[in-house]
Amino acid sequence: AWLYSTFAVAFPGLFPEGTAHPFYEATAVVITLVVLGQALEARARGQTSQAVRRLMDLRPLVARVIRGNAEVEIPAATVRVGDIVVVRPGEKIPVDGRVHDGRSAVDESMVTGESIPVEKAPGDEVVGGTINASGVIQFVAERVGSEMVLSRIVQMVRSAQGAKPPIQKVVDVVASYFVPSVMIISVVSFAVWYTFGPSMSYAVVVAVAVLVIACPCALGLATPISIMVAVGKAAEYGVLIRNGEALQRARNVDTVVLDKTGTVTQGAATLIDVVPLGGVSDKDLLRLTAAVEAGSEHPLGMAVVDGAAARGVRFERATDFVAVPGRGVRAAVGGKTVLVGTASFLAEAGVDTQDLERKATDLAAEGRTPILAAADGRPLGALGIFDPVKADSVDVIRRLQALGKRIVILTGDHEATARAVAREVGVDTVWARVLPDQKAQRIAELQKRGARVAMVGDGINDAPALAQADIGIAIGTGTDVAMEAADVTLMGGSLGGVVDLMEISEATFANIRQNLVGAFIYNVLGIPVAAGVLYPVFGILLQPVYAGAAMAFSSVTVVTNANRLRSFKPREPRHTEELTGPSGSG
């Protein structure tokens with residue numbers, strides 16, 4: 001339109017009589033409307049990054065550290081690993097670390113989504129950006145800068161917001177054909193109006209209107225803007241999504257596989273039963289098993305050690321410690337070779353496990369996890385470990401089942417124990433005695449049957465299964481290995497984030513469908529009107545000014561509709577709980 005106007009003013013004699021009319025005002029108004037639309041769009045898109053900005057605002061600007069014998073305030077960005085940091089009640093914790101001195105309750109809701117403050121004592125981890133609710137604590141800085149949990153969360157959210165889900169790739173292909181098609185339609189419209197229309201000016205108006213109204217902005221924005229809003233909103237609920245593809249796959253999941261220990265249960269195992277055999281005393285059974293388990297990081301082993309300490313049983317240090325994942329541990333204690341683990345582990349070493357297995361069955365029937373022990377080939381007895389179910393597990397599983405999801409509990413634990421837990425939470429399908437390297441195989445078997453599987457776990461032994469599943473979901477209270485293998489991380493210990501993820505996924509792609517349908521209808525109706533198909537019958541010819549306004553309005557409409565996701569709330573409020581026990585590896 002600008003070129004036509006310039007030539008019409010400079011060389012009016014080149015045009016048919018009565019057609020040398022400039023369109024400068026149309027050009028100016030169209031550009032103004034386009035820029036206005038882009039400004040409104042940029043403002044709306046800026047609102048989608050509020051979640052990231054809120055996360056970044058959690059970082060305090062200053063920190064109080066001990067230098068020499070004095071407390072000094074320094075910029076939080078200059079805290080070094082190993083510094084002793086002092087935090088008073090009501091202050092934000094500046095970096096990640098481990099409590100060195102003092103006790104307090106810390107509000108971690110801004111990171112985990114759990115509203116109940118978590119008690120912190122010496123040895124417990126604290127996360128930068130959380131709020132010290134009560135008590136003065138000193139902690140040793142362990143992760144600073146980009147290594148902090150909060151920094152990794154921000155980076156993960158940014159990466160996910162910029163990633164393209166599969167549906168966007170389809171849209172990109174459509175757009176690659178859309179643009180040349182519109183240009184062809186514009187040329188054809190110009191030729192038709194030039195040949196059959198009243199004058200060249202009509203042809204120019206039509207050609208420009210087609211190009212302006214068919215701007216593919218709305219089509220291009222339909223998916224990414226919704227993904228940006230959804231990922232940010234999920235982060236507010238403590239659900240960290242690695243990429244848009246994981247968000248899209250979540251809505252198609254029909255089977256949810258749950259690890260037991262630390263996922264369905266609290267992972268805060270407690271020694272309840274001590275059952276010696278063959279004249280062995282309770283104290284000797286505990287002394288030998290605790291000596292061996294002191295070298296293990298498994299929550300069941302830690303429960304044995306804590307149980308022995310609580311009962312006043314002292315034990316010596318074991319040597320030649322060997323762990324067999326999913327089966328048991330072996331070590332030398334006071335000149336004896338002590339085995340602690342499953343019945344099959346002991347039987348393979350030549351131990352007569354008949355009496356031990358009877359005791360194990362009795363313990364498992366009561367919901368205990370049995371641990372069997374033997375020394376120099378002689379049965380010592382059995383220990384019963386109790387790991388209570390998380391307060392919200394029953395409710396979350398009910399909600400998942402209401403969404404039509406099949407629930408499976410997958411664990412390396414004793415079958416009777418696993419089934420007792422499954423009965424408590426309302427799950428029918430249980431796969432027990434599954435070794436770590438077999439968990440991924442079980443997921444693959446489900447996939448071969450056509451199931452779309454989400455795996456939820458927290459331990460190192462869950463990592464292969466998390467990677468194998470269509471979508472891996474790691475519990476944030478678990479291991480770094482599990483979180484690295486997962487597509488989604490739940491920052492709290494609650495399973496409620498699984499339901500939140502699926503509801504956000506469904507809401508997001510309903511929103512994307514609305515955007516795409518709206519953009520498609522807009523172009524299907526707008527392009528023919530701009531091409532002048534209504535002129536012969538109704539005398540309606542769309543001016544470029546109005547075409548520009550319509551184009552800008554379509555883009556703003558898509559962005560505004562996407563921002564409706566910011567008001568998303570789960571269908572049922574999440575039940576929160578306090579989780580302070582160690583995570584497990586089911």
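User: Let's start small: which residue stands opposite G97 in β7?

Analyst: That's V126. Keep in mind that we're reading a predicted model here. β4 (residues 96-101) and β7 (residues 125-126) run antiparallel, and 2 bridges join them.

User: What other strand is joined to β4 by bridges, and by how many?

Analyst: Strand β9 (residues 137-143), again antiparallel to β4, with 5 bridges. For a landmark in that pairing, look at R98, which has V140 of β9 opposite.

User: Now the sheet with β10 in it. What is its strand order, and is it open or closed?

Analyst: It's an open sheet of 7 strands, and the order reads β10-β22-β21-β20-β11-β18-β19, with mixed pairing. At the edges sit β10 (239-241) and β19 (429-431), each of which pairs on one side only. Going from one strand to the next, the twist averages 20°.

User: In what sense do β20 and β21 pair?

Analyst: Parallel: β20 (residues 453-457) and β21 (residues 471-475) share 4 bridges. If you want a pair to click on, M455 has G472 of β21 as its bridge partner.

User: Which helix lies across β10, β11, β20, β21 and β22?

Analyst: That's α21 (residues 496-531), which runs at about 50° to β10. The other strands under that description include β11 (255-259) and β22 (488-490).

User: α21 also packs with α7. How do I read a helix pair like that, and what are the angle and the axis distance?

Analyst: The general idea is that two packed helices are described by the angle between their axes and the distance between the axes. Here, α7 (residues 200-213) and α21 pack at about 170°, with axes 8 Å apart. Angles over 145 degrees count as roughly antiparallel, so that's the label for α7 and α21. Their crossing is right-handed.

User: Which residues make that contact?

Analyst: From α7 you have V206, A209, V210 and I213, and from α21 Y522, N523, G526, I527, A530 and A531. Sorted by class, the contact has 8 nonpolar and 2 polar residues, with no charged ones.

User: One last stop, in the loop between β2 and β3: is A76 buried or exposed?

Analyst: Buried: A76 has 10% relative accessibility, and the cut-off for buried is under 20%. The loop in question runs between β2 (70-75) and β3 (84-87).

User: And what is A76 in contact with, leaving aside neighbours within four places in sequence?

Analyst: P60, L61, V62, A63, P94 and V95. Take A63 from that list: A63 and A76 are 13 residues apart along the chain, and their C-alpha atoms are separated by 4.9 Å.

Technical notes
Residues are numbered from 1 along each chain as its sequence is written. This is a predicted model: local features need pLDDT of at least 70, side-chain atom pairs count only at pLDDT 80 or more; totals for chains, interfaces and linings use all residues. Side-chain values use heavy atoms; hydrogens and water are left out. Two strands pair if DSSP finds at least two bridges between them. Axes are lines fitted to C-alpha atoms, for helices over the stretch in contact, and angles run from 0 to 180 degrees between N-to-C directions. Contact means heavy atoms within 4.5 Å. Angles under 35 degrees count as roughly parallel, over 145 as roughly antiparallel, 65 to 115 as roughly perpendicular and the rest as oblique. A crossing is left-handed if the near helix is turned anticlockwise from the far one by less than a right angle, and right-handed if clockwise. Ala, Val, Leu, Ile, Met, Phe, Trp, Tyr, Cys and Pro count as nonpolar, Asp, Glu, Lys and Arg as charged, and the others, Gly among them, as polar. Buried means under 20% relative accessible area, exposed over 50%, partly exposed in between (1.4 Å probe, protein chains only).
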